[in-house]
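Student: Please take me through this structure with questions and answers, and give each term its cut-offs when it comes up.

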Amino acid sequence: VASHSSGSSGINAEYGVRIFNPRTPSNSNQTIAKTYEKHENAKKTGYLQRVLQVEKASFSPLVMTTTGGLGKEFTSVLKRLAEKKAAKTGYNYQDCIRYLRLRLSFAMVRSVTTSIRGHRGVRGRGAAENCQGPDDYLYRVD
């Protein structure tokens, strides 16, 4: 996943997403904090140098569990996005973080559903892409 800044800062960011099950035998013999760290380091090992040198961007591994937990760097990225959204829209931070977590939850459910049942063609897009803030999180079909 990539994010390209259109502002004066010109900072680009790339994110590596990894979802793991903390209850598998390979993850159950260590603490959850160590497991997050292991998966974050694995993503960094695979992508960090290429992103820094070739893409000239920053890199953050977005690690989460199948049970809904988020890694340290993912939590930091989510908090920063909520702060920026709150400053830009005028909503308070709590509503913005709730909104982003809700969108993340629905994106994960959509991804899992698609991976289980497969893609079933193109459908009309609703107004979800036109959401302006936390109050607009309900999906409306035009």
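Tutor: A residue is called buried under 20% relative accessible area, exposed over 50%, and partly exposed in between, with a 1.4 Å probe and protein chains only. The model is predicted, with local features needing pLDDT of at least 70 and side-chain atom pairs counting only at pLDDT 80 or more, while totals for chains, interfaces and linings use all residues. Residues are numbered from 1 along each chain as its sequence is written, and side-chain values use heavy atoms, leaving out hydrogens and water.

Student: Is Glu83 buried, partly exposed or exposed?

Tutor: Glu83 has a relative accessibility of 40%. Because that value lies between the limits of under 20% for buried and over 50% for exposed, Glu83 counts as partly exposed.

Student: Which residue forms a salt bridge with Glu83?

Tutor: A salt bridge here is a side-chain nitrogen of Lys or Arg within 4 Å of a carboxyl oxygen of Asp or Glu. The partner of Glu83 lies three residues away in helix α3, about one turn of the helix, where helices (H or I, at least four residues) and strands (E, at least two) are DSSP runs numbered from the N terminus. The partner is itself partly exposed, at a relative accessible area of 46%. With the closest N and O atoms 3.4 Å apart, the residue paired with Glu83 is Arg80.

Student: In which helix do Asp95 and Arg98 both lie?

Tutor: The side chains of Asp95 and Arg98 meet in a salt bridge, at 3.4 Å from N to O. Asp95 is partly exposed at 23% relative accessibility, and Arg98 is partly exposed at 39%. The two are three residues apart, about one turn of the helix, and the helix in question is α4.

Student: How many residues apart are Lys44 and Glu73, which link distant parts of the chain?

Tutor: Lys44 forms a salt bridge with Glu73, and the closest N and O atoms are 2.6 Å apart. Lys44 is partly exposed, since its relative accessible area is 27%. Lys44 sits in helix α2 and Glu73 in helix α3, and their separation along the chain is 29 residues.

Student: How many salt bridges are there by this rule?

Tutor: Beyond the pairs already discussed, Glu14, Arg50 and Glu55 are linked in a network of salt bridges. By this rule the count of salt bridges is five.

Student: On which residue is the kink in α2 centred?

Tutor: The bend at a residue is the angle between axes fitted to the seven residues ending there and the seven starting there. In α2 there is a kink of about 45 degrees, and the residue at its centre is Tyr47.

Student: Which elements do the buried residues of α2 pack against?

Tutor: The buried residues of α2 are Thr35, Tyr36, His39, Glu40, Lys43 and Val51. Packing is judged by contact, meaning heavy atoms within 4.5 Å. On that basis, the buried residues of α2 pack against β2 (12-20), α1 (25-28), β3 (58-65) and α3.

Student: Which residues does Leu48 touch, not counting residues up to four places away in sequence?

Tutor: Leu48 belongs to helix α2 (residues 32-55), and its relative accessibility of 24% makes it partly exposed. Its C-alpha is 8.3 Å from that of Ser60, twelve residues apart in sequence. Not counting residues up to four places away, Leu48 touches Lys43 and Phe59.

Student: Which element gives the largest share of the largest nonpolar core?

Tutor: A nonpolar core is a set of buried Ala, Val, Leu, Ile, Met, Phe, Trp, Tyr and Cys residues joined through side-chain atoms within 4.5 Å. The largest one has seven residues, namely Leu78, Ala82, Ala86, Cys96, Ile97, Tyr99 and Leu100. The elements giving two or more residues to this core are α3 (72-89) and α4 (93-117). The largest share, four residues, comes from α4.

Student: Which residues are in contact with Ile97, leaving aside its neighbours within four places in sequence?

Tutor: Ile97 is one of the seven residues of the largest nonpolar core. Leaving aside neighbours within four places in sequence, the residues in contact with Ile97 are Leu78, Lys79 and Ala82.

Student: In what order do the elements of the protein chain run from the N terminus on?

Tutor: The protein chain has four helices and three strands. From the N terminus on, their order is β-β-α-α-β-α-α.
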